[in-house]
Amino acid sequence: MASKRKVLFLCTGNSVRSQMAEGILRHLAGDRYEAFSAGTHPKGLNPRTVEVMNEIGIDVARQESKDMTGLLAERFDHVITVCDNAREQCPVFPGARAAHWGFDDPAESSGGAGLEVFRRVRTEILQRIRLFLDTGQA
């Protein structure tokens with residue numbers, strides 16, 4: 001049996017976007033991919049991330065916010081940045097295909113509208129990962 005392809009999603013805080021991407025990829029294609037996420041300056045998992053992911057049946061409550069420096073020795077097939085700041089600070093991961101998927105930061109939204117931004121970004125990430133799975137191209 002072929003080994004699973006390893007995908008790393010990088011963000012600044014590793015609290016929302018990269019966590020959503022990790023959970024979605026694991027949920028949709030955990031049989032084919034190992035999903036990881038990390039941040040350039042991890043802040044902890046945002047509770048709203050857990051809430052909006054639960055709405056679509058994906059439990060990310062056990063995922064943890066991680067610093068990317070702890071993964072520098074790992075080998076990845078794909079390294080995907082999901083915010084501009086992470087793209088600018090992303091080190092080279094030898095052998096990995098690098099890609100950038102820019103998404104708004106829901107953590108910067110506030111009040112009742114904030115939850116809608118989390119849902120919109122979740123939907124955008126879900127669509128982008130489905131495209132990735134259909135084409136094999138990040």
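Modeller: A residue counts as buried when its relative accessible area is under 20%, as exposed when it is over 50%, and as partly exposed in between, with a 1.4 Å probe and protein chains only. This is a predicted model, in which local features need pLDDT of at least 70, side-chain atom pairs count only at pLDDT 80 or more, and totals for chains, interfaces and linings use all residues. Residues are numbered from 1 along each chain as its sequence is written, and side-chain values use heavy atoms, with hydrogens and water left out.

Biologist: What share of the residues of the protein counts as buried?

Modeller: Accessible areas come from the Shrake-Rupley method with a 1.4 Å probe, and for residues only the protein chains shown count as cover. The accessible surface of the protein is about 7000 Å², with 48% of it belonging to carbon and sulfur atoms. Among the 138 residues, the buried share is 45%.

Biologist: In what order do the helices and strands of the protein run?

Modeller: Helices (H or I, at least four residues) and strands (E, at least two) are DSSP runs, numbered from the N terminus. The protein has 4 helices and 4 strands. Starting at the N terminus, the order is β-α-β-α-β-α-β-α.

Biologist: What radius of gyration does the protein have?

Modeller: The radius of gyration is taken over C-alpha atoms, and the globule rule is 2.2 Å times the number of residues to the power 0.38. For 138 residues this rule puts a compact globule near 14 Å, and the value for the protein agrees: 14 Å.

Biologist: Which element gives the largest share of the largest nonpolar core?

Modeller: A nonpolar core is a set of buried Ala, Val, Leu, Ile, Met, Phe, Trp, Tyr and Cys residues joined through side-chain atoms within 4.5 Å. The largest one has 40 residues, and Leu-8, Phe-9, Leu-10, Leu-25, Trp-101, Ile-125 and Ile-129 have the most contacts inside it. Two or more residues each come from strand E1 (5-11), helix H1 (17-29), strand E2 (33-39), helix H2 (47-54), strand E3 (78-81) and helix H4 (111-135). The largest share, 9 residues, is that of H4.

Biologist: How many of the 13 residues of H1 are buried?

Modeller: The expected span of a helix is 1.5 Å times one less than its number of residues, so H1 should span 18 Å, and its end C-alpha atoms are indeed 18 Å apart. The buried residues of H1 include Met-20, Ile-24 and Leu-25. H1 is largely enclosed by the rest of the structure, because the buried count among its 13 residues is 10.

Biologist: Which residues of the 129-133 stretch does Leu-25 touch?

Modeller: Contact means heavy atoms within 4.5 Å. Leaving out residues up to four places away in sequence, Leu-25 touches Val-7, Phe-9, Gly-30, Tyr-33 and Ala-35. It also touches Ile-129, Phe-132 and Leu-133.

Biologist: How many disulfides are counted?

Modeller: A disulfide is a covalent bond between the sulfur atoms of two cysteines. The rule used here asks for a pair of cysteine sulfur atoms within 2.5 Å. The sulfur of Cys-11 is 3.8 Å from that of Cys-83, its closest cysteine sulfur, and this is too far for a bond. The count is 0.

Biologist: Is Cys-83 buried or exposed?

Modeller: Cys-11 has 3% relative accessibility and counts as buried. Cys-83 has a relative accessible area of 5%, so Cys-83 too is buried.

Biologist: What is the phi of Asn-14?

Modeller: Most residues other than glycine have a negative phi. Asn-14 sits in the loop between E1 and H1, and it is buried at 0% relative accessibility. Although Asn-14 is not a glycine, its phi is positive, at about 50°.

Biologist: Which residues does Met-53 contact, beyond its neighbours within four places in sequence?

Modeller: Met-53 lies in helix H2 and is buried, with a relative accessible area of 0%. Beyond those neighbours, its contacts are Met-20, Ile-24, Ile-58, Val-60 and Arg-122.

Biologist: How far apart are the C-alpha atoms of Ala-96 and Val-7?

Modeller: Ala-96 is in the loop between H3 and strand E4 (97-100), and at 21% relative accessibility it counts as partly exposed. Ala-96 and Val-7 are 89 residues apart along the chain, while their C-alpha atoms are separated by 8.8 Å.
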